[in-house]
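Biologist: Let us go through the labels on this model and ask what each one rests on.

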Amino acid sequence: MHTEEQDYLIDCGIAKSQSGAVYPEFDRIDPERLKAVFLTHSHDDHTGALGKLAETGWSGPVYASAPTLAQTGPLPDGFYAVELKSAAAGSWHAVDKTPYCFGRAGHTEGACWFLFNVKGETVFFSGDYSMRSTLYPYDLPTEKPVDLAILDGAYGLETRDPEKMEEALLQSLRERMPAAIHGPLSGKTQELLVLLTEAGMKVALDPQIRVYTLNSLKKRRDWYTEKGGARLEAALMKAAAPDQQDQHTAGLYLERTLAGGDLSGSTLFTTGPKLSVFKSGPYEKVSFFVHPLLPETKALLKRIQPVRTVFTHTSAPEVFLPLSETCVVIAGVGDTVSVSRSKTG
């Protein structure tokens, strides 16, 4: 985000695909103008390039929630954390005299949205979000029009029934046992753990995920819904260790655990992009919704009433052009979008 006096970077990730990782265009960053980095959440496509940012010579504050900082791990030398506490969600703060506020975004433990006020003009960054998470709360932004919104568009105009998709996922797993699903340390992994155990399936759980989740529930319960935290605790008690996985088990693992392990006899599943590290053996993609569906997109647009909106996290932003709730701006890599109160500006 570029202002007259300084710049702010919202997220610093890599794009993952079967062809490998793609990094941001760091030659566009002026380390002297960059005053702070804001992280919406910890997933690699939002934090995986922090090390590359450090190579530009930049150092300074990284604003993020305690869960995001815990999941991301040690920051590069010269970076220092400014922790966003859940109790402060919805209230205004300032960095270098630029007002901002944040709220919990429902995508994963610690995920946040951000709203900035730059000389009276407002910019909203949704981050990855979900209003229907079973575990993570979503704090509605202030019901007030914003000038520019940068929104998660991962699912486009998706309207399929999430419950039917979950049933299809469960059926796919049951038909291809033993199954192994790779996922992040936090987020959809815990959502899947609850879904699978409550469906009566035997689930093997990566020890690192178990330890992290237990510690998270103990220390950062405020980043879960009350009911969701209780359901997750119950699911953890039912989950088995990896060495107990058999032909009737679905396992939940980190990517690096599976990449260094033996997949023989198991069908590998992903709910995200297929990764190049997994090339041998059966590998299937299944749908599991952890980003906004069309009703959520429309609800957020109605809430914040943006004059103009850019949809990110999507390869086809043009699908949003028919939306009547806002003026959709199509922007590609390297494009600059100005804040404007005019739909034609």
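**Cysteines, sheets, helices and loops**

Modeller: C101 has a relative accessible area of 1% and is buried. Keep in mind that this is a predicted model.

Biologist: What makes C101 count as buried?

Modeller: Its relative accessible area is 1%, and buried means under 20%. C112, at 0% relative accessibility, is therefore buried by that cut-off too.

Biologist: How do you know that C101 is not bonded to C112?

Modeller: The sulfur of C112 is the closest cysteine sulfur to that of C101, and it is 11 Å away, too far for a bond. A disulfide needs the two sulfur atoms within 2.5 Å. C112 is in no disulfide either, since its nearest cysteine sulfur is that of C101, at 11 Å. The count of disulfides by this rule is zero.

Biologist: Why are β1 and β6 called edge strands?

Modeller: The open sheet has the order β1-β4-β5-β6, with parallel pairing. β1 (7–10) and β6 (79–84) each have a single partner strand, so one side of each is left without a neighbour in the sheet. Neighbouring strands there are turned by 25 degrees against each other on average, direction ignored.

Biologist: What makes β4 and β5 a pair?

Modeller: Two bridges join β4 (residues 34–38) to β5 (residues 60–65), and a pair requires at least two bridges, so the requirement is met. The strands run parallel. F38 has Y63 in β5 as its bridge partner.

Biologist: Which strands stand at the edges of the sheet of five strands?

Modeller: That open sheet runs β13-β14-β12-β15-β16, and its pairing is parallel. β13 (202–205) and β16 (283–285) are the edge strands, because each has a single partner strand. β15 (residues 267–270) is joined to β16 by three bridges, and these strands run parallel, with F269 opposite E284 in β16. Helix α6 (residues 207–219) lies across β13 and β14 (249–254), at about 75 degrees to β14.

Biologist: Why is α4 called roughly perpendicular to α5?

Modeller: The axes of α4 (residues 162–175) and α5 (residues 188–198) cross at roughly 75 degrees and come within 11 Å. Angles from 65 to 115 degrees count as roughly perpendicular, so α4 and α5 get that label.

Biologist: Which residues make the contact of α4 with α5?

Modeller: E166, L169, L170 and L173 in α4 meet L192, L195 and L196 in α5. By class, this contact has six nonpolar, no polar and one charged residues.

Biologist: What makes the peptide bond from M177 to P178 worth a label?

Modeller: The bond is cis, with omega near -5 degrees. P178 lies in the loop between α4 and β12 (179–183).

Biologist: Is K97 buried or exposed?

Modeller: K97 has 81% relative accessibility, and exposed means over 50%, so K97 counts as exposed. K97 sits in the loop between β7 (93–95) and β8 (98–104). Its phi is positive, about 70 degrees, although K97 is not a glycine.

Biologist: Why is H313 called partly exposed?

Modeller: Its relative accessibility is 35%. Buried is under 20% and exposed is over 50%, so H313 falls in between and counts as partly exposed. H313 is also not a glycine, yet has a positive phi of about 60 degrees, and it lies in the loop between β17 (308–312) and β18 (327–328).

Terms used: Residues numbered from 1 in each chain as written. Predicted model: local features only at pLDDT ≥ 70, side-chain atom pairs only at ≥ 80, totals over all residues. Heavy atoms only, no water. Helix = DSSP H or I, 4+ residues; strand = E, 2+ residues; numbered from the N terminus. Axes fitted to C-alpha atoms, helices over the stretch in contact; angles between N-to-C directions. Parallel < 35°, antiparallel > 145°, perpendicular 65-115°, else oblique. Contact = heavy atoms within 4.5 Å. Nonpolar A, V, L, I, M, F, W, Y, C, P; charged D, E, K, R; others polar. Buried < 20%, exposed > 50% of the residue type's maximum accessible area, 1.4 Å probe, protein only.
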